[in-house]
Amino acid sequence: MKKIQMVDLQSQYKKIKETVDKHINDVLDSSTYINGPLVNEFQNDLEDYLDVKHVIPCANGTDALQIAMMGLGLKPGDEVITADFTFAATVEVIALLKLTPVLVDVEPDTFNIDINAIKKAITPKTKAIVPVHLFGQCANMEEILKIVKEHNLYVIEDNAQAIGADYTFTNGKKQKAGTIGNVGTTSFFPSKNLGCYGDGGAIFTNDDDLAHTLRGIVNHGMYKRYYHDVVGVNSRLDSIQAGVLKAKLPHLNDYNNARKKVAEYYNNAFINNPNIITPIISDFTTHVFHQYTLKITNGKRDELHKHLLEKGIPNAIYYPVPLHKQKAYIDERYKEDDFKITNSLTETVISLPMHTELDEEQLVFITKTINDFMN
Ligand SMILES: *Cc1c(COP(=O)(O)O)cnc(C)c1O
């Protein structure tokens, strides 16, 4: 059996090596390392794929969030509501910009931000909501859009984990994850569903004025060379990474389908196991399975984690500590009672190997090992 990996980027690379290598060699031959033609080409390809007016490439997904918040003109003291159960990048940039993070609980089934918790957290200082489309499925955007309309807030979708997922509104209209709010962000970190071979990120918006503002911010606040109208940052997607992404984007739907097949295999294997809850998907969204995350209900999550590692099956706890308990983000206003779900998820979730190259032999071994241990 091939060694099981949490993410297998090497086997995936071998299948697209020719195109990737050609793009990288084009960059080397032309020495257009920064802002080369491939950056613009990838940007256009991604705008078409997402059906969004503007894609602004940048250096990583954390920068993308920060730049989005800068572009919306959020000011120190403004409150930004986001989920307690997510990767720290989301709350980190809120704090860095001296905005006030307001963490709220998530739903027990989908792990996405809880709509009632958002409503409860709104104050006159609230300026924005950052839903994270966690593990590959969309948060309830229709409800979030109703809230922002009523309270005149911005929505920044952290779409680092759900690129390619489709959201369906009750009227039947479909939109790609990350293109629904005022602005969406993503990461091209290598292990993401659309990953490059280094760091990369992007910001999406349908708002022409905001897109113009964002394009200046990523480039030192310049709208005309050497004229700095606003405080900006230096955040670029380099040409080599754009070349990798341009080679991979045409395969994104296949990659997401391969992940879905793995998820279906796992689901079927665990269907009769009383101690395992498999992922539950909201009916308004597809799931692109950035992570395949189980809930272990018999209190043996940590034992399972160790057992699988001993058997050579990588697995991970995303996320082991709620953000509201992280030293950097502790705030005396938070009450433990308001984070019941996140607190319990950090003790029950476990994510299994998930990538485009898992084969049947590996899946049989993983699921049999888990079922044997959990019965
Ligand atoms: C990966 C990730 C980020 C950060 O992306 P980087 O490119 O690593 O900076 C932000 N938010 C979420 C939810 C992520 O999963």
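# Briefing on a predicted model

The charged end of K173 sits over the ring of F169, at 5.8 Å from the centre of that ring. The model in which this arrangement appears is a predicted one, and its description below moves from an open sheet of 7 strands, through two helices that lie across strands of that sheet, to individual buried residues and to the 14 aromatic pairs that a search of the whole structure finds.

**The open sheet**

- The sheet is built from 7 strands, which follow one another in the order β1-β9-β8-β5-β4-β2-β3, and the pairing among them is mixed.
- At the edges stand β1, which covers residues 54-58, and β3, which covers residues 100-104, each of them pairing on one side only.
- From one strand to the next, the twist averages 25 degrees.
- Strands of a sheet pair through backbone hydrogen bonds, and they may do so in either a parallel or an antiparallel way.
- Within this sheet, β5 (residues 154-158) pairs with β8 (residues 183-187) in the parallel sense, over 3 bridges, and the bridge partner that I156 has in β8 is V183.

**Helices across the sheet**

- Helix α3, made of residues 61-71, lies across β1, β4, β5, β8 and β9, and it runs at about 165 degrees to β8.
- Helix α7, made of residues 208-217, lies across β1, β8 and β9, and it runs at about 15 degrees to β1.

**Two buried strand residues**

- T126 belongs to strand β4, and because its relative accessibility is 4%, under the 20% cut-off, it counts as buried.
- The side chain of T126 reaches the backbone nitrogen of T123 at 2.8 Å, while the residues that T126 touches, once those up to four places away in sequence are set aside, are E79, I81, A121 and L153.
- I296 is part of strand β13, which spans residues 292-296, and with a relative accessibility of 1% I296 counts as buried as well.
- Although I296 and T348 are 52 residues apart along the chain, their C-alpha atoms are separated by 5.1 Å.
- Apart from neighbours within four places in sequence, the residues in contact with I296 include N275, I276, R301, L304, T348, I350 and M374.

**Aromatic rings**

- Among the 14 aromatic pairs in the whole structure is that of F42 and F188, whose ring centres are 5.5 Å apart and whose planes stand at 75 degrees, so the pair is edge-to-face.
- Because F42 lies in helix α2 (residues 37-50) and F188 in the loop between β8 and β9, this pair ties together parts that are 146 residues apart in sequence; both F42 and F188 are buried.
- The rings of F85 and Y319 also form an edge-to-face pair, because their centres are 5.8 Å apart and their planes stand at 80 degrees.
- F85 lies in the loop between β2 and α4, and Y319 lies in the loop between α10 and α11, so their pair ties together parts that are 234 residues apart in sequence.
- F85 is buried, with a relative accessible area of 1%, and Y319 counts as buried at 11% relative accessibility.
- Ring pairs link F85 and Y319 with F111, F135 and Y318 into a cluster.

**A further charge over a ring**

- K224 lies over the face of Y227, at 4.4 Å from the ring centre.

Note on methods
Residues are numbered from 1 along each chain as its sequence is written. This is a predicted model: local features need pLDDT of at least 70, side-chain atom pairs count only at pLDDT 80 or more; totals for chains, interfaces and linings use all residues. Side-chain values use heavy atoms; hydrogens and water are left out. Two strands pair if DSSP finds at least two bridges between them. Helices (H or I, at least four residues) and strands (E, at least two) are DSSP runs, numbered from the N terminus. Axes are lines fitted to C-alpha atoms, for helices over the stretch in contact, and angles run from 0 to 180 degrees between N-to-C directions. Contact means heavy atoms within 4.5 Å. Buried means under 20% relative accessible area, exposed over 50%, partly exposed in between (1.4 Å probe, protein chains only). A polar contact is a pair of N or O atoms within 3.5 Å; within protein, one must be able to donate a hydrogen and the other to accept it, and residues adjacent in sequence count only if both atoms are side-chain atoms. Rings of Phe, Tyr and Trp (its six-membered ring) pair if their centres lie within 6.5 Å; planes under 30 degrees apart count as stacked, over 60 as edge-to-face and the rest as tilted. A charge sits over a ring if NZ of Lys or CZ of Arg is within 6 Å of the ring centre and within 35 degrees of the ring normal.
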